[in-house]
Amino acid sequence: DAYQARDQVAVVTFAGEGADVVLPPTDSVSLAARHLKDLPTGDRTPLPDGLTAAREVLDRADPDAGVVLVVTDGRANTADGSPVEATRRAARRLGEVADRTVVVDAGDEGRAGLLDVVAEETAASVVPLDALTADRVDAVADER
């Protein structure tokens, strides 16, 4: 649908020491799909940095409507000060610019860590990874 509507997609990863915009906004859906297949996992999780980078991408792109898909296990084990408060602040700021947010629960044990904090601050829908479908993302995007 993004291709047909000429929507732009971007990919931000957050692992290790920070967040990286690995794909700036583009209308190349196939390029975005390739980046999604190679998402880093199993490292430290700077969740606040990822949320902040997503907000910065939206700020620069200035879209008519911004839909953010956050894929996380809900753990934030790196942040200056309290990871909980840093995540809350970053999520609140993201929620100010994103029209809709979907939090994808990629954790092994159901909702864990800071998923609820991110969902609350961004007014996000939470979807388990194994229930994520294009139709579910479209339904959220269409709410805009």
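## Strand S3 and its surroundings

Strand S3 (residues 67-72) has two faces, a covered one made of Val68, Val70 and Thr72 and an uncovered one made of Val67, Leu69 and Val71. In a regular strand the side chains alternate between the two faces of the sheet. Helices (H or I, at least four residues) and strands (E, at least two) are DSSP runs, numbered from the N terminus.

This is a predicted model, in which local features need pLDDT of at least 70 and side-chain atom pairs count only at pLDDT 80 or more, while totals for chains, interfaces and linings use all residues. Residues are numbered from 1 along each chain as its sequence is written, and side-chain values use heavy atoms, with hydrogens and water left out.

The protein chain has six helices and five strands, which follow one another along the sequence in the pattern α-β-β-α-α-β-α-β-α-β-α. Of its 144 residues, 33% count as buried, where buried means under 20% relative accessible area, exposed over 50%, and partly exposed in between (1.4 Å probe, protein chains only). Among contacts (heavy atoms within 4.5 Å) between residues at least 6 apart in sequence, 71% join residues at least 24 apart.

S3 runs parallel to strand S4 (residues 100-105), and six bridges join the two; strands count as paired if DSSP finds at least two bridges between them. Within S4, Val102 is the bridge partner of Leu69. Leu69 also belongs, with Val71 and Leu129, to a nonpolar patch on the surface that has about 230 Å² of accessible area together. Such areas come from the Shrake-Rupley method with a 1.4 Å probe, and for residues only the protein chains shown count as cover. Patches are made of residues with over 30% relative accessible area and no salt bridge (a side-chain nitrogen of Lys or Arg within 4 Å of a carboxyl oxygen of Asp or Glu); like charges are joined within 9 Å, and nonpolar side chains (Val, Leu, Ile, Met, Phe, Trp, Tyr) within 5 Å.

Ala106 lies in the loop between S4 and helix H5 (115-122), and, not counting residues up to four places away in sequence, Ala106 touches Val71, Thr72, Asp73 and Leu129. Because its relative accessibility is 28%, Ala106 counts as partly exposed; Val71, at 32%, also counts as partly exposed. Arg89, in helix H4 (residues 83-97), counts as partly exposed because its relative accessibility is 37%.

The table gives two residue pairs, with distances from C-alpha to C-alpha.

| Pair | Apart in sequence | Apart in space |
|---|---|---|
| Arg89 and Leu51 | 38 residues | 9.4 Å |
| Ala106 and Gly74 | 32 residues | 7.9 Å |
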